[in-house]
Amino acid sequence: MMDLAAQLKVYKDISRKINELEEQKKALSLSILEQMEGDKLTVDDYTVRRCERISIKLTLDEARAYGAVKTE
């Protein structure tokens, strides 16, 4: 089993690689979206759709007023 210092080094290396991959993924997403002429693109066995999401931010009190709070 690895000692703590070695585990921390491996953890940091993996975190760095994940961040690099996430940056590459974002760049690819932007490139794909720029190349799309419409809302849907089909290439080989892949279908890509452009969509928009609505993000609504509420305070907890506002969510309670709308009955949108679930308590477990």
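How many residues lie between strand 1 and strand 2 in their hairpin, and which residue in the turn has a positive phi? The hairpin has 2 residues between its strands, and aspartate 44 in the turn is the one with a positive phi, about 50°. Keep in mind as you look around that this is a predicted model.

Let's stay with the hairpin for a moment. Strand 1 covers residues 40-43, and strand 2 covers residues 46-49. The two strands pair in the antiparallel sense, over 4 bridges. If you would like a cross-strand pair to find on screen, try threonine 42, which stands opposite threonine 47 in strand 2.

Now step back to the whole chain. It holds 2 helices and 2 strands, and from the N terminus on the order is α-β-β-α. Helix 1 takes up residues 4-35.

How do these elements fill space? The radius of gyration of the chain is 21 Å, whereas a compact globule of 72 residues would have one near 11 Å. Along its principal axes, the C-alpha trace spans about 50 × 45 × 20 Å. Burial is worth checking next: just 3% of the 72 residues count as buried, with under 20% relative accessible area as the cut-off. The accessible surface of the chain comes to about 7,500 Å², and carbon and sulfur atoms account for 54% of that.

As for charge, the chain carries 13 positive and 14 negative charges, and their mean positions are 3 Å apart.

Finally, a word on confidence. The average pLDDT of the chain is 91, and 100% of the residues score at least 70. Among the elements, helix 1 has the highest mean pLDDT at 96, and strand 1 the lowest at 89.

Methods. Residues numbered from 1 in each chain as written. Predicted model: local features only at pLDDT ≥ 70, side-chain atom pairs only at ≥ 80, totals over all residues. Heavy atoms only, no water. Rg over C-alpha atoms; globule rule 2.2 N^0.38 Å. Buried < 20%, exposed > 50% of the residue type's maximum accessible area, 1.4 Å probe, protein only. Areas by Shrake-Rupley, 256 points an atom, 1.4 Å probe, with all protein chains shown as cover. Lys, Arg positive; Asp, Glu negative; His and termini not counted. Charge placed at Lys NZ, Arg CZ, Asp CG, Glu CD. pLDDT = per-residue confidence, 0-100. Pairing = 2+ DSSP bridges.
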